[in-house]
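Reader: I am new to this structure and would like to know how its descriptions are justified. Please take me through a few of them.

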Amino acid sequence: MPDLPERRANVSQAYDGLARLLPGVQNVGDSWDEKDLYWVMEQATQISQAVHPEFLCRSGCTTCCRGDSIPIVSSIEWRRLYPHIYGLPEGMRRLIVRQAREIWGPILHMLLKGKAGYEDDGRLRIVPKELEATVHCPLLAYGKCSVYLARPFQCRSFGNFAQSKKGDMSLYMCSQASQHIEETFPADTALPVLNPYIMTLVALEGANPVVAMLPLWIAAHIEGPDFSQTCTLEPDFEAVVKRFQATPGTPSKH
Ligand code: SF4
Ligand code: SF4
């Protein structure tokens, strides 16, 4: 096997080779081969992890799963994610339901389309500032992602990719991780570029995809103390929020 400097020198070619697979991608998490967007992303991430084991994101950090960092999920991603949630052991499912009720119940209405986000000191926030330290993804359990293999696109990409915005390349990760890379690694350090992966997801989603923040999808599938057997790809999220917040056991609205 080539040594680390040589592998780092060749890594751009490997990323380019993976990006060339994207026009042939046909599914999200189904076939787990080169026709599968998640599989191609996983190959890019694994290469990056192998050649840059020192990146901050490699330390088991879960900060991305907390506070304002709520993944936005489309129905094509939920279709893959939900069977994974439903297949978790009952105790884990019930913990996720409790977390969804206790953490997200009081603020679920703030995630609805057109209502999500407010300005605070020039920064766009999703969850109230005073709750930011305690709020986390309902699927984060015992300090780990409970659905890691089926986690959504945003969770797979954040911390692992660079992105091009109007021709300028930037790192797609938190400010600490970006700063660490910029201060520790050479300026030509290569990461896979996210843009063609986003374009592939958008093409697979088709026109007018159903998109919502992850806690809304979860609330739409909760029945009593557990999850529903049925996966719904077009929930009425307004009705979901009303029903969820009116359920006994859900703390009152924030
Ligand atoms: S991007 Fe930042 S917050 Fe997310 S895993 Fe990496 S170091 Fe942690
Ligand atoms: S789905 Fe998993 S990785 Fe994504 S925010 Fe939730 S706990 Fe974190």
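Reader: Which residues are around ligand 2?

Author: In this predicted model, ligand 2 is surrounded by Cys65, Pro71, Cys137, Leu139, Leu140, Cys145, Pro152, Cys155 and Leu214. A residue belongs to such a shell if one of its heavy atoms lies within 4 Å of the molecule.

Reader: What makes residues of the shell around ligand 2 nonpolar, polar or charged?

Author: The class follows from the residue type: Cys, Pro and Leu count as nonpolar. The shell around ligand 2 therefore divides into nine nonpolar, no polar and no charged residues.

Reader: What surrounds ligand 1?

Author: Its shell consists of Leu56, Cys57, Cys61, Thr63, Cys64, Phe158, Gly159, Met173, Cys174 and Ala177. By class, eight are nonpolar, two polar and none charged. Gly counts as polar, and so does Thr, because neither is listed as nonpolar or charged.

Reader: Where does ligand 1 sit, and which space does ligand 2 take?

Author: Ligand 1 sits in the largest pocket, and the space taken by ligand 2 is also the largest pocket. To sit in a pocket, a molecule needs more than half of its atoms within 2 Å of the pocket's grid points.

Reader: Why is Tyr15 called buried?

Author: Its relative accessibility is 6%, and buried means under 20%, so Tyr15 counts as buried.

Reader: Where is Tyr15 found, and what is in contact with Tyr15 beyond its neighbours within four places in sequence?

Author: Tyr15 is in helix H1, residues 4–19. Beyond those neighbours, Tyr15 is in contact with Ala44, Ile47, Ser48, Val51, Ala190, Leu191 and Pro192; contact means heavy atoms within 4.5 Å.

Terms used. Residues are numbered from 1 along each chain as its sequence is written. Chains are lettered from A and ligands numbered from 1 in the order in which they are written. This is a predicted model: local features need pLDDT of at least 70, side-chain atom pairs count only at pLDDT 80 or more; totals for chains, interfaces and linings use all residues. Side-chain values use heavy atoms; hydrogens and water are left out. On a 1 Å grid over the protein atoms alone, a cavity is a set of points where a 1.4 Å probe fits but cannot get out, and a pocket is an open set with protein on both sides within 12 Å along at least five of seven lines; lining residues have an atom within 4 Å of a point. Helices (H or I, at least four residues) and strands (E, at least two) are DSSP runs, numbered from the N terminus. Buried means under 20% relative accessible area, exposed over 50%, partly exposed in between (1.4 Å probe, protein chains only).
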